[in-house]
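User: I would like to learn how to read the packing of a protein model. Please start with one element and work outward.

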Amino acid sequence: MDNVIVRLENITKKFDDKTILKNISLDIYEGEFITFLGPSGCGKTTLLRIISGLEEATEGKVYIEGEDVTNEIPAKRKVNTIFQNFALFPHMTVWDNINFGLKMHKVPEDEATKRIKRAIKLVQLDGFENRYPAQLSGGQQQRVAIARGIVMNHKVLLLDESLCSLDLKLKREMQGELKKLQKKLGITFIYVTHDQDEALTMSDRIVIINKGNIEQLDTPKEIYSKPKTAFAADFIGESNIIKTEITHINDDIAYIKLTDDVELAVPNNNYKKGKVTLIVRPENFNPHKNPVKESFEGVVKNYMYDGAVVKLEVEVGDKLIKVHLYDNDVFEEGEVINIDIDKNKVIIIGDKNEAEA
């Protein structure tokens, strides 16, 4: 993925006196599945609309396939957009919906027929050509919308929360199908969602956006295991995020205050004494029936069975810690248990930078 297909340079967007996007610069590569992830109102959909031309940037430039399209109308940009509601024409068949853009661009009928048949085969809608949107399931409607996008032979497809209207089971099925389809097509998908599971499941890279800024840009694995901010850690997966301090450093060991009575000793990675944010994923706390080396006690306050994982909330001093368990040990509410920690998975974020222990 060396070829930049979409480049955003210093994109700022203001509505009246409110700044929605703040000096965003980003390179998006040919053939990647990149996701804009963030809470409602963070600016992710506005950024997608600026790429599509449906919204105009207050400042900055947009390049698609090396061409400056900042001032071009949507029809002149080499992208297609799939909206939340799929925007299918209810009075048109599947075939006619897919053909709509081709007719608008006056693609010859023979060429249009070839493209439509290929798209229908790719999205597995053979036999549905003469049905109307009302006769299709939500997943089938989404496939029609994707087919309508890919027949234009553009290298970039923009998807605005296009799974949000599906039920949970279908959504999970479509996540896998969408990723497989993207790989088969070899085109760039730029996807917008507030759903962290979608982002983790489908993306090659994730852009976490918060209050108009890029909070972190990285692969799902890197963001999950090495979040650069407390916001990124909290937004991707579950985390224990504890405002605390490094009390002292002894040679290669840093001592972090967990509670008034519990200190964690972790490898020193150029840390300094003082206030920090400690981040530990729930699966990196290890619960035991009996004491083990460097363990500390806690009381199980809540126990929730969630299929493959058991989720505990454990009171340790004045802290309530989330602990995830994947083996067959059984703990009960009110039970005193012992916990140790995977020291290599601890994240410590200082005032200005962060490092992984």
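Analyst: This is a predicted model. Begin with helix 2, whose buried residues pack against helix 3 (109-122) and helix 4.

User: Which residues of helix 2 are buried?

Analyst: Helix 2 covers residues 94-104, and its buried residues are Val94, Asn97, Ile98, Asn99, Gly101 and Leu102. After the helix comes Lys106, which has a positive phi, near 55 degrees.

User: Take a residue on the other side of that packing. Where is Ala147 placed?

Analyst: Ala147 sits in helix 4, which runs over residues 138-150.

User: Is Ala147 buried or exposed?

Analyst: The cut-off for buried is under 20% relative accessible area. Ala147 has a relative accessible area of 0%, so Ala147 counts as buried.

User: With which residues is Ala147 in contact, leaving aside its neighbours within four places in sequence?

Analyst: They are Ile98, Ala119 and Val123. Ile98 is also one of the buried residues of helix 2. For a C-alpha separation, take Ile116: it is 31 residues from Ala147 along the chain, and the two C-alpha atoms are 7.7 Å apart.

User: How do I go from single contacts to a core?

Analyst: The general idea is that nonpolar side chains tend to be buried together in soluble globular proteins. Here the largest nonpolar core has 36 residues, and those with the most contacts inside it are Ile98, Ile146, Ile150, Leu157, Leu178 and Phe189. At least two residues of this core come from each of helix 2, helix 3, helix 4, strand 7 (156-160), helix 5 (168-185) and strand 8 (188-193). Another core, of 28 residues, lies apart from it; Leu258, Val262, Val316 and Ile348 are among its members.

User: Which residues are in contact with Leu157, leaving aside its neighbours within four places in sequence?

Analyst: Leu157 touches Asn80, Ile82, Ile146, Gly149, Ile150, Ile187, Thr188, Phe189 and Ile190. Of these, Ile146, Ile150 and Phe189 are, like Leu157, listed among the residues with the most contacts inside the largest core.

User: How many helices and strands does the protein have, and what share of its residues is buried?

Analyst: There are eight helices and 21 strands. Of the 357 residues, 48% count as buried. Among contacts with a separation of 6 or more, 65% join residues 24 or more positions apart.

User: What remains for the surface and the charges?

Analyst: The accessible surface is about 18,100 Å², with 46% of it belonging to carbon and sulfur atoms. The protein carries 49 positive and 57 negative side chains, and the centres of the two sets are 6 Å apart.

Key. Residues are numbered from 1 along each chain as its sequence is written. This is a predicted model: local features need pLDDT of at least 70, side-chain atom pairs count only at pLDDT 80 or more; totals for chains, interfaces and linings use all residues. Side-chain values use heavy atoms; hydrogens and water are left out. Helices (H or I, at least four residues) and strands (E, at least two) are DSSP runs, numbered from the N terminus. Buried means under 20% relative accessible area, exposed over 50%, partly exposed in between (1.4 Å probe, protein chains only). Contact means heavy atoms within 4.5 Å. Accessible areas come from the Shrake-Rupley method with a 1.4 Å probe; for residues, only the protein chains shown count as cover. Lys and Arg count as positive and Asp and Glu as negative; His and the chain ends are not counted. The place of a charge is taken as NZ of Lys, CZ of Arg, CG of Asp or CD of Glu. A nonpolar core is a set of buried Ala, Val, Leu, Ile, Met, Phe, Trp, Tyr and Cys residues joined through side-chain atoms within 4.5 Å.
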